[in-house]
Amino acid sequence: MRYAAYALIVGLLVALPASAQTPIDYRDPSVTTAPKFDPRKSTPPEYPSASMRAGETGTTKLRICLTKDGKVTDVTLTESSGSQRLDEVTIAWVKKGARFAPAKAGETAIAVCGFPWQQVWRLQQ
């Protein structure tokens, strides 16, 4: 009996559409709505005090993967800000604090990868 239930569960997983199982490139033509950053649900990252004292500024550029719920699953640094500290804070924040509305194919939320994101670090005078 257990084996039959297990086979049925595996069969259901295999029967799911590929877009539900694995993320697709966010530039794929089937993606009708790109993910959107949700500033109402995200607290901006805090400027590291050591970076402020050192006068570190720059733009950290990333590519991120998101679930169909808009949760970040993977982050890749594509261009450094020039400060390892600022890059690390950006990556940690995107993984834990950034919130996104999911990508969609028509009306269906989908998982995507390769979505570009950047954090600009500027010191106020």
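Colleague: When do two strands pair in this predicted model?
Modeller: This is a predicted model. The test rests on DSSP bridges between the two strands. Two strands pair if DSSP finds at least two bridges.

Colleague: Which residue in β8 does Ile24 stand opposite?
Modeller: β1 covers 24-25. It is joined to β8 by 2 bridges, and the two strands run parallel. Opposite Ile24, in β8, stands Val112.

Colleague: In what order do the 4 strands of the open sheet lie?
Modeller: The pairing in this sheet is mixed. β1 and β4 stand at the edges, each with a single partner strand, so one side of each has no neighbour in the sheet. The order is β1-β8-β3-β4.

Colleague: Which elements give two or more residues to the largest nonpolar core?
Modeller: The core has 17 residues. Among those with the most contacts inside it are Ile64, Val112 and Trp117. Val112 also touches Ile64 and Leu66, as well as Pro23, Ile24 and Ala103 among others. The contributing elements are β3 (58-66), β4 (72-79), α4 (84-96) and β8 (112-121).

Colleague: Is Gln119 buried or exposed?
Modeller: Gln119 lies in strand β8. Buried means under 20% relative accessible area. Gln119 has 14% relative accessibility, so the residue counts as buried.

Colleague: Which residues is Gln119 in contact with, leaving aside neighbours within four places in sequence?
Modeller: Gln119 sits in β8. β3 spans 58-66 and α4 spans 84-96. Gln119 reaches Gly58, Thr59 and Thr60 in β3, and Thr90 and Trp93 in α4. The full set is Pro45, Gly58, Thr59, Thr60, Thr90 and Trp93.

Methods
Residues are numbered from 1 along each chain as its sequence is written. This is a predicted model: local features need pLDDT of at least 70, side-chain atom pairs count only at pLDDT 80 or more; totals for chains, interfaces and linings use all residues. Side-chain values use heavy atoms; hydrogens and water are left out. A nonpolar core is a set of buried Ala, Val, Leu, Ile, Met, Phe, Trp, Tyr and Cys residues joined through side-chain atoms within 4.5 Å. Buried means under 20% relative accessible area, exposed over 50%, partly exposed in between (1.4 Å probe, protein chains only). Contact means heavy atoms within 4.5 Å.
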